[in-house]
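Here are some notes to read alongside the structure, set out as numbered points. Please keep the sequence and the 3D view open while working through them.

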Amino acid sequence: MSSEGKTAPSSNIAASIFRDLRRQVLAGELAAGERLPGERDLAQRYDTNRNTLREGVRMLAQAPLVTVPHGQGVTISDFPR
């Protein structure tokens, strides 16, 4: 039996959150300087827990499509298209 498809479910959800938010940023639905809703609201929207949501946001920060200054929320970066 292969281990293909055995990725942790939370990793799949985090990647899905990343892809969805990345699409919104790249499509201009979320503008540079705009702040994302709070963790609690986003976790509820994506039907997940805050730790999984944070992983998806961490992926966005590594992209770097957002900035995450401590205690100030998540802000869409002003990146060249």
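1. Read from the N terminus, the elements of this protein follow the order α-α-α-β-β, which amounts to three helices and two strands. The model is a predicted one, and what follows should be read with that in mind. The protein has 81 residues, of which 31% count as buried. Among the contacts with a separation of 6 or more, 56% are made by residues that are 24 or more positions apart.

2. Helix H1 is a good place to start, and its length can be checked against expectation. The helix has 18 residues and spans 26 Å from its first C-alpha to its last, which is close to the 26 Å expected at 1.5 Å a residue. Just after H1 comes Gly-28, whose phi is positive, at about 85°.

3. Which residues of H1 are buried? They are Ala-14, Ala-15, Ile-17, Phe-18, Leu-21, Gln-24 and Val-25, and the elements they pack against are H3 and S2. When looking at such a list, it helps to remember that an α-helix has 3.6 residues a turn, so residues three or four places apart point the same way.

4. Ile-13, also in helix H1, deserves a separate remark. Buried means under 20% relative accessible area and exposed means over 50%; Ile-13, at 32%, therefore counts as partly exposed. Leaving out residues up to four places away in sequence, Ile-13 touches Thr-48 and Thr-52. The C-alpha atoms of Ile-13 and Glu-55 are 9.2 Å apart, although 42 residues separate the two along the chain.

5. The largest nonpolar core has 17 residues, and those that touch the most other members are Leu-21, Leu-36 and Leu-53. Helix H1 (9–26), helix H2 (39–45) and helix H3 (50–62) are the elements that give two or more residues to this core, and the largest share, four residues, comes from H1. Leu-21, which is one of the buried residues of H1, is in contact with Leu-30, Leu-36, Tyr-46 and Leu-60, when residues up to four places away in sequence are not counted.

6. The loop between H2 and H3 contains Asp-47, a residue whose backbone merits a check. Its phi is positive, at about 55°, although Asp-47 is not a glycine. Is Asp-47 buried or exposed? Asp-47 has a relative accessible area of 70%, and because exposed means over 50%, this residue is exposed.

7. A second backbone feature is found at Pro-64, in the loop between H3 and strand S1 (66–67). The peptide bond that leads from Ala-63 to Pro-64 is cis, and its omega is near -20°.

8. Glu-34 and Thr-75 can be considered together, since each appears among the contacts of the other. Glu-34 sits in the loop between H1 and H2, whereas Thr-75 is found in strand S2 (residues 75–76). The relative accessibility of Glu-34 is 31%, so Glu-34 counts as partly exposed; Thr-75, with a relative accessible area of 17%, falls under the 20% cut-off and is therefore buried.

9. The contacts of these two residues, with neighbours up to four places away in sequence left aside, fill in the picture. Glu-34 is in contact with Glu-29, Val-74, Thr-75 and Ile-76, while Thr-75 touches Gly-33, Glu-34, Arg-35, Leu-65, Val-66 and Thr-67. Glu-34 and Asp-78 are 44 residues apart in sequence, and their C-alpha atoms are 9.7 Å apart in space.

10. The last point concerns the largest pocket, which holds about 290 Å³ of space. Its lining is made up of 16 residues, and Glu-39, Val-57, Val-68, Gly-73 and Val-74 are those that lie nearest its centre. H2 and H3 are the elements that give two or more residues to this lining, and H3 gives the most, with four residues. By type, the lining divides into eight nonpolar, five polar and three charged residues.

Note on methods
Residues numbered from 1 in each chain as written. Predicted model: local features only at pLDDT ≥ 70, side-chain atom pairs only at ≥ 80, totals over all residues. Heavy atoms only, no water. Buried < 20%, exposed > 50% of the residue type's maximum accessible area, 1.4 Å probe, protein only. Contact = heavy atoms within 4.5 Å. Core = buried A, V, L, I, M, F, W, Y, C linked by side-chain atoms within 4.5 Å. 1 Å grid on protein atoms, 1.4 Å probe; cavity = no way out; pocket = protein on both sides within 12 Å on 5 of 7 lines; lining within 4 Å. Points joined across faces, edges and corners; volume = space filled by probe spheres on them. Nonpolar A, V, L, I, M, F, W, Y, C, P; charged D, E, K, R; others polar. Expected span 1.5 Å × (residues − 1).
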